[in-house]
Amino acid sequence: MTKGGHYGAAITAQVVLLAYFELCILIPLGRWNDQPDMSAVSSGNLIMGGAIAGAQLLLLIGTVWRLKPLLWFGLLGDTVWLLLHIYSLWLPYILGASPQYAKMYARVFGRTTKLLPNFGNHLAPDAMHIFIDVFVVAVIVTLVWYLRSLQAAGTSIEQPLRVAG
């Protein structure tokens, strides 16, 4: 992939993640994001949506302006986000959920759309979070490619990358 391709892929992945997350956090979409407090925009949703939007916007700025500290900060933040989802959503599915988790799951995710089956005490992440995780992985992968292309090119951080049209 060319340097411009890495740039374009990183930007695209970041914009898709940001748009999808904000759509899911701010707009009730029926069973897709049917979680407590989704009937109205709650202050918790606004705070979480604003914090993640702010972090993703900083990452976009870092990508456009090749600000490596922002790129590394974004990579770290999105990696932590993915690890939290692995711990809180995927491990209970793979290893089985505790009774306490099953009670929370019924309350928070009980009415949401599922793409994977529940079996026994293995409780599937909801579809909304599966897509968030796919988009976060895409951001992480494209960001690593972009950072490696900047490092290989010895690119400075003063000017935005110009993509040949």
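Start with the rings: Y20, W32, F131 and F135 are joined into a cluster by ring pairs. A pair here means Phe, Tyr or Trp rings (for Trp, the six-membered ring) with centres within 6.5 Å; planes under 30 degrees apart are stacked, over 60 edge-to-face, and the rest tilted. The structure has 10 aromatic pairs. Before going on, note that this is a predicted model, where local features need pLDDT of at least 70 and side-chain atom pairs pLDDT 80 or more, while totals for chains, interfaces and linings use all residues. Residues are numbered from 1 along each chain as its sequence is written, and side-chain values use heavy atoms, with hydrogens and water left out.

Now for the overall layout. The chain has 5 helices and 0 strands, and reads α-α-α-α-α along the sequence. Those elements are DSSP runs numbered from the N terminus: H or I for helices, at least four residues, and E for strands, at least two. Of the chain's 165 residues, 41% count as buried. In terms of relative accessible area, buried is under 20%, exposed is over 50%, and partly exposed is in between (1.4 Å probe, protein chains only). Among contacts between residues at least 6 apart in sequence, 72% join residues at least 24 apart; a contact is heavy atoms within 4.5 Å.

Back to the rings, this time one pair at a time. F21 and W81 meet edge-to-face, at 5.4 Å centre to centre with 90° between the planes. F21 sits in helix α1 (residues 3–26) and W81 in helix α3 (residues 68–95), so this pair ties together parts 60 residues apart in sequence. F21 is buried at 6% relative accessible area, and W81 is buried too, at 13%. Another edge-to-face pair is Y93 with F119, at 5.7 Å centre to centre and 75° between the planes. Y93 belongs to helix α3 and F119 to the loop between α4 (99–109) and α5 (127–153), so the pair ties together parts 26 residues apart in sequence. Y93 is buried, with a relative accessible area of 12%, whereas F119 is partly exposed at 43%.

What about D78, which also lies in helix α3? D78 is buried yet has no salt bridge, and the nearest side chain of opposite charge, R148, is 18 Å away. For the bookkeeping, a salt bridge takes a side-chain nitrogen of Lys or Arg within 4 Å of a carboxyl oxygen of Asp or Glu; Lys and Arg count as positive, Asp and Glu as negative, and His and the chain ends are not counted. Leaving out residues up to four places away in sequence, D78 touches L17, Q56, L59, V136, V139 and I140.

On the outside, L83, I86, Y87, L91, I94 and L95 make a nonpolar surface patch of about 630 Å². Patch members have over 30% relative accessible area and no salt bridge, with like charges joined within 9 Å and nonpolar side chains (Val, Leu, Ile, Met, Phe, Trp, Tyr) within 5 Å. L83 is in helix α3 and is exposed at 51%. The chain's accessible surface comes to about 8,900 Å², 71% of it from carbon and sulfur atoms.

Finally, look at D34, in the loop between α1 and α2 (43–65). D34 is partly exposed, at 23% relative accessible area. D34 and R111 are 77 residues apart in sequence but 6.2 Å apart in space, C-alpha to C-alpha. Not counting residues up to four places away in sequence, D34 touches V108, R111 and T112.

Technical notes: Areas by Shrake-Rupley, 256 points an atom, 1.4 Å probe, with all protein chains shown as cover.
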